[in-house]
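Open the model in your viewer and keep the sequence panel beside it. We will move from stop to stop, selecting a few residues each time.

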Amino acid sequence: MKKHLFAAAALAVLSVCALSPAVAPVAAQAETIKSFVKIDKPAEGAPLLIVTPEVSLSLLTAGGVQEPRSDWSKAAQGHLSAALTAALKAKKYAVSELALDTYEDPRALQMLKLNDEVVSAIAWQQLPMLRLPTKTTFDWTLGAGARTLVPAAMADKAPRYALFLNCKGSYQSSAKAALNVGMALLGGPMQFGGQGLQSTLVDLDTGQIVWYQFNMVASGTDIREAEGATAAVEKLFKDLPL
């Protein structure tokens with residue numbers, strides 16, 4: 001999917017890929033609101049589906065322009081995917097991964113689009129000033145059609161749950177870093193790079209989204225490297241109900 005919906009970060013004047021101080025409260029708020037429902041932990045050896053992470057990284061230049069870096073995005077995607085798989089295999093699950101571009105069934109493609117929209121709505125709900133006053137419980141669903149996300153080849157051992165992860169962000173250039181130092185000395189506005197991870201766990205039998213998490217990648221953690229991606233996933237999975 002080409003559409004990356006990071007609504008929680010979008011409320012900050014700049015998106016998560018060019019962070020302003022307003023993003024920090026958003027991320028903190030996302031971590032304090034209940035964003036899961038209680039489920040029975042799957043049995044050891046149960047099949048789980050990981051949809052290959054969507055990753056978009058860019059270079060934040062001195063002028064504040066975000067220049068897409070496909071090489072960074074590809075590297076982070078590979079490392080995050082490996083980290084997700086390793087983390088779930090360590091929990092003794094049978095993990096299968098499916099790339100988004102392998103979906104051809106129109107029903108599955110529509111379900112992926114619906115998933116993007118629902119995740120966006122969940123993200124907005126994390127913000128007190130935009131939260132729907134009548135939406136007091138974590139009750140989100142893709143509907144019964146979620147099972148179409150499981151390809152026919154997996155029919156014999158169809159997974160009960162599917163994990164989705166989006167990552168969007170930027171890394172500042174050396175020139176931007178130097179400019180920020182100067183702006184700090186002058187008391188002027190600063191703009192930093194940063195990366196956000198947004199993940200959901202979907203019950204494919206019911207379509208219910210049973211867990212949602214938005215995390216800012218910790219400063220000094222580089223998800224373009226295997227070690228950094230592993231650390232980011234460990235933090236993300238802190239409250240994963242699996």
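## Stop 1: Aromatic pairs

This is a predicted model. Start with the aromatic rings: the count comes to 2 aromatic pairs. Select Trp-72 and Tyr-171 and show their side chains. How do the rings of Trp-72 and Tyr-171 sit against each other? Their centres are 5.8 Å apart and their planes are at 80°, so the pair is edge-to-face. Now look at where the two residues come from. Trp-72 is in helix H3 and Tyr-171 is in strand S6. They are 99 residues apart, so the pair links distant parts of the chain.

Are these two residues buried or exposed? Trp-72 has a relative accessible area of 15%, so Trp-72 is buried. Tyr-171 has 12%, so Tyr-171 is buried too. The cut-off for buried is under 20%.

Next, select Trp-211 and Phe-237. They form an aromatic pair that is also edge-to-face, with 6.2 Å from centre to centre and 70° between the planes. Trp-211 lies in strand S8, and Phe-237 lies in the segment after H6. These parts are 26 residues apart in sequence, so the pair ties them together. Both Trp-211 and Phe-237 are buried.

## Stop 2: Ser-199

Keep Trp-211 on screen and add Ser-199. Ser-199 touches Trp-211. Ser-199 sits in strand S7, which runs over residues 194–203. Its relative accessible area is 0%, so Ser-199 is buried.

What lies 2.7 Å from a polar atom of the Ser-199 side chain? It is the backbone oxygen of Phe-164. Select Phe-164 to see the two together. Then add other residues that Ser-199 touches, among them Leu-163, Leu-165, Tyr-212, Gln-213 and Leu-236.

## Stop 3: The cavities

Leave Phe-164 selected. The next stop is empty space. How many cavities of 30 Å³ or more does a search of the whole structure find? The search finds 2.

Go to the largest cavity. About 140 Å³ of space lies in it. The lining has 15 residues, and the closest to the centre are Glu-54, Asn-115, Phe-164, Leu-165 and Asn-166. Select those five. Helix H4 (106–125), strand S6 (161–172) and strand S7 each supply at least two residues of the lining. H4 gives the most, with 4 residues. By class, the lining of the largest cavity has 7 nonpolar, 6 polar and 2 charged residues.

Now move to the second largest cavity, with a volume of about 30 Å³. Select Leu-197, Asn-215, Met-216, Val-217, Ala-218, Ala-232 and Lys-235, which line the cavity. Strand S8 (208–216) and helix H6 (226–236) each give two or more residues to this lining. The lining divides into 5 nonpolar, 1 polar and 1 charged.

## Stop 4: A pocket

Switch from cavities to the second largest pocket. About 250 Å³ of space lies there. Which of the 12 lining residues are the closest to its centre? They are Pro-53, Glu-54, Val-55, Gln-77 and Leu-100. You have met one of them already: Glu-54 is also among the residues closest to the centre of the largest cavity.

Colour strand S2 (54–60) and helix H3 (70–90), the elements that give two or more residues to the lining of this pocket. H3 gives the most, with 4 residues. By class, the pocket lining has 5 nonpolar, 4 polar and 3 charged residues.

## Stop 5: The loop after H3

Follow the chain on from H3 and select Lys-92. Lys-92 lies in the loop between H3 and strand S4 (94–98). Check its backbone: phi of Lys-92 is near 75°. That is a positive value in a residue other than glycine.

## Stop 6: Leu-49

End at strand S1 (residues 47–51), and select Leu-49 there. Is Leu-49 buried or exposed? Its relative accessible area is 1%, so Leu-49 is buried.

Show the neighbours next. Leu-49 touches residues including Ser-96, Leu-98, Tyr-103, Leu-149, Met-154 and Pro-159. Tyr-161, Ala-162 and Leu-163 are also touched by Leu-49. You saw Leu-163 earlier, in contact with Ser-199. Last, select Thr-85. Leu-49 and Thr-85 are 36 residues apart along the chain, and their C-alpha atoms are separated by 9.5 Å.

How values were computed. Residues are numbered from 1 along each chain as its sequence is written. Side-chain values use heavy atoms; hydrogens and water are left out. Buried means under 20% relative accessible area, exposed over 50%, partly exposed in between (1.4 Å probe, protein chains only). Contact means heavy atoms within 4.5 Å. On a 1 Å grid over the protein atoms alone, a cavity is a set of points where a 1.4 Å probe fits but cannot get out, and a pocket is an open set with protein on both sides within 12 Å along at least five of seven lines; lining residues have an atom within 4 Å of a point. Grid points are joined across faces, edges and corners, and a volume is the space filled by probe spheres set on the points. Ala, Val, Leu, Ile, Met, Phe, Trp, Tyr, Cys and Pro count as nonpolar, Asp, Glu, Lys and Arg as charged, and the others, Gly among them, as polar. A polar contact is a pair of N or O atoms within 3.5 Å; within protein, one must be able to donate a hydrogen and the other to accept it, and residues adjacent in sequence count only if both atoms are side-chain atoms. Rings of Phe, Tyr and Trp (its six-membered ring) pair if their centres lie within 6.5 Å; planes under 30 degrees apart count as stacked, over 60 as edge-to-face and the rest as tilted. Lists of a residue's contacts leave out its neighbours within four places in sequence.
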